[in-house]
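Here is a note for a colleague who is opening this structure for the first time. Please keep the sequence and the model in view while reading the points in order.

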Amino acid sequence: MREKLSSVSSGVVRGALDALLPLRCLCCDRRVGSDDGLCPVCWHGMAFIEKPVCYRLGTPFAYDVGEETWSPRAIAAPPVFDRLRSVAFYEGSAQRLVLAYKFGGRRELARPMGKWMCNAGREFLGPDSVIIPVPLHWARLVSRRFNQAATLAQVIATGCGGTYQPDILKRRKRTRRQVGLPAKERRKNVRSAFSVDKSRLDRLEGRHVVLIDDVITTGATVTACTKTLLAAGAASVDVLTFALADPARSDAGQEIHP
Ligand SMILES: [Zn+2]
């Protein structure tokens, strides 16, 4: 409602509108001065990932080592996808936003979160990109009522002019929740979990895919998705997530490669 009203309001009317519908921090609900924003406390609590980063895994380097440099982890075990980029580490405000969006009914967070993701993935997002969300199994879709990755993918496709394709990649088996599983178990859990819709292969063959998810932990899920997409004819796959659970910074993840 604010958006519609704002678009037709003058500065004066906007001021009156702000008094009626005060702008709130996306994360903690404190009053803030601008739309789609965080208060200073929550902004400080966002562990944004900024350049310089590993060309393949998107993890930050302490100092600039030049373009397209791989981290030791990427050299030791290159991922099957080309590049991974994330907005922030999965902690503090980023973690609170993901949880509020996914489980707290705050679906309106898709728009600001998706905008941040457009910025994080700007080096590979474009009009030629096929934007594919990590799919949920239908049974989980019924219980959760929306696919958090799909709603983010829609916002990102609109932002970069790419093509949103939610129906190509399918989750054919219902996997156990990945949270709490060790890396080896996660890989086993998602093996053969995904397939592509053979009737839609023409939308995939030879195309550059950007795979979207809200959080990446070990990378087992996006690795399984990438293998499926490449086997079905995609030319390349990059991965874009809102948050990155990094083993060096939290206990949530362990390794980010296959
Ligand atoms: Zn706040």
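At what angle do helix H6 and helix H8 pack, and how far apart are their axes?

1. The model is a predicted one, and in it helix H6, which covers residues 110-120, packs against helix H8, residues 148-160, at an angle of about 55 degrees, with the two axes 8 Å apart. That angle makes H6 oblique to H8, and the crossing of the two helices is right-handed. On the H6 side the contact involves Ala110, Arg111, Met113, Gly114, Lys115, Met117 and Cys118, and on the H8 side these residues meet Thr151, Leu152, Val155, Ile156 and Gly159.

2. H6 also packs against H5, and here the axes come within 11 Å and cross at roughly 130 degrees, so that H5 is likewise described as oblique to H6. The residues that make this contact are Leu97, Val98 and Tyr101 from H5, together with Ala110, Met113 and Trp116 from H6. As for handedness, the crossing of H5 and H6 is left-handed, whereas that of H6 and H8 is right-handed.

3. How many of the residues of H6 are buried? Eight of its 11 residues are, and H6 is therefore largely enclosed by the rest of the structure. The buried residues are Ala110, Pro112, Met113, Gly114, Trp116, Met117, Cys118 and Ala120, and their packing partners comprise three helices and three strands, namely helix H3 (40-44), helix H5 (92-103), H8, strand E1 (84-89), strand E6 (208-216) and strand E7 (236-244).

4. Strand E6, one of those partners of H6, contains valine 209, which counts as buried because its relative accessibility is 0%. Leaving out residues up to four places away in sequence, valine 209 touches Val130, Ile132, Leu204, Leu229, Ala234, Ser236, Val237 and Asp238. Valine 209 can also be related to aspartate 128, since the two lie 81 residues apart in sequence while their C-alpha atoms are 8.8 Å apart in space.

5. Tyrosine 90 lies in the loop between E1 and H5, and with a relative accessible area of 16% this tyrosine is buried, the cut-off for that class being under 20%. Its C-alpha atom is separated by 5.2 Å from that of leucine 244, although their positions lie 154 residues apart along the chain when one is counted from the other. When neighbours within four places in sequence are set aside, tyrosine 90 is in contact with Gln95, Val98, Leu99, Val215, Ala243, Leu244 and Ala245; among these, Val98 is also one of the H5 residues that meet H6.

6. Which residues coordinate the zinc ion? The SG atoms of Cys25, Cys28, Cys39 and Cys42 do so, at 2.3 Å, and in sequence these donor residues follow the spacing C-x2-C-x10-C-x2-C. The angles that the four donor atoms subtend run from 104 to 116 degrees, which makes the arrangement tetrahedral. For four tetrahedral donors the ideal angle is 109.5 degrees. Of the donor residues, cysteine 25 is buried, with a relative accessible area of 3%, whereas cysteine 28 is partly exposed at 32%.

7. Some backbone details deserve a careful look, given that most residues other than glycine have a negative phi and most peptide bonds are trans. Aspartate 29, in the loop between helix H2 (11-20) and H3, has a positive phi near 75 degrees and is partly exposed, with a relative accessible area of 49%. Arginine 145, in the loop between helix H7 (138-144) and H8, also has a positive phi, of about 75 degrees, and with a relative accessible area of 70% this arginine is exposed. Lysine 51 and proline 52 are joined by a cis peptide bond with omega at about 5 degrees, and proline 52 is placed in the loop between H3 and helix H4 (72-76).

8. For the protein as a whole, the count is 10 helices and seven strands, and 52% of the 258 residues count as buried. Among contacts with a separation of 6 or more, 69% are made by residues 24 or more positions apart.

Key
Residues are numbered from 1 along each chain as its sequence is written. This is a predicted model: local features need pLDDT of at least 70, side-chain atom pairs count only at pLDDT 80 or more; totals for chains, interfaces and linings use all residues. Side-chain values use heavy atoms; hydrogens and water are left out. Donors are N, O and S atoms within 2.8 Å of the metal (3.2 Å for Na, K and Ca); water is not among the atoms, so sites may look incomplete. Four donors count as tetrahedral if all angles lie between 85 and 135 degrees; four count as square planar and six as octahedral if opposite donors are over 155 degrees apart and all others between 65 and 115; anything else is irregular. Buried means under 20% relative accessible area, exposed over 50%, partly exposed in between (1.4 Å probe, protein chains only). Axes are lines fitted to C-alpha atoms, for helices over the stretch in contact, and angles run from 0 to 180 degrees between N-to-C directions. Helices (H or I, at least four residues) and strands (E, at least two) are DSSP runs, numbered from the N terminus. Angles under 35 degrees count as roughly parallel, over 145 as roughly antiparallel, 65 to 115 as roughly perpendicular and the rest as oblique. A crossing is left-handed if the near helix is turned anticlockwise from the far one by less than a right angle, and right-handed if clockwise. Contact means heavy atoms within 4.5 Å.
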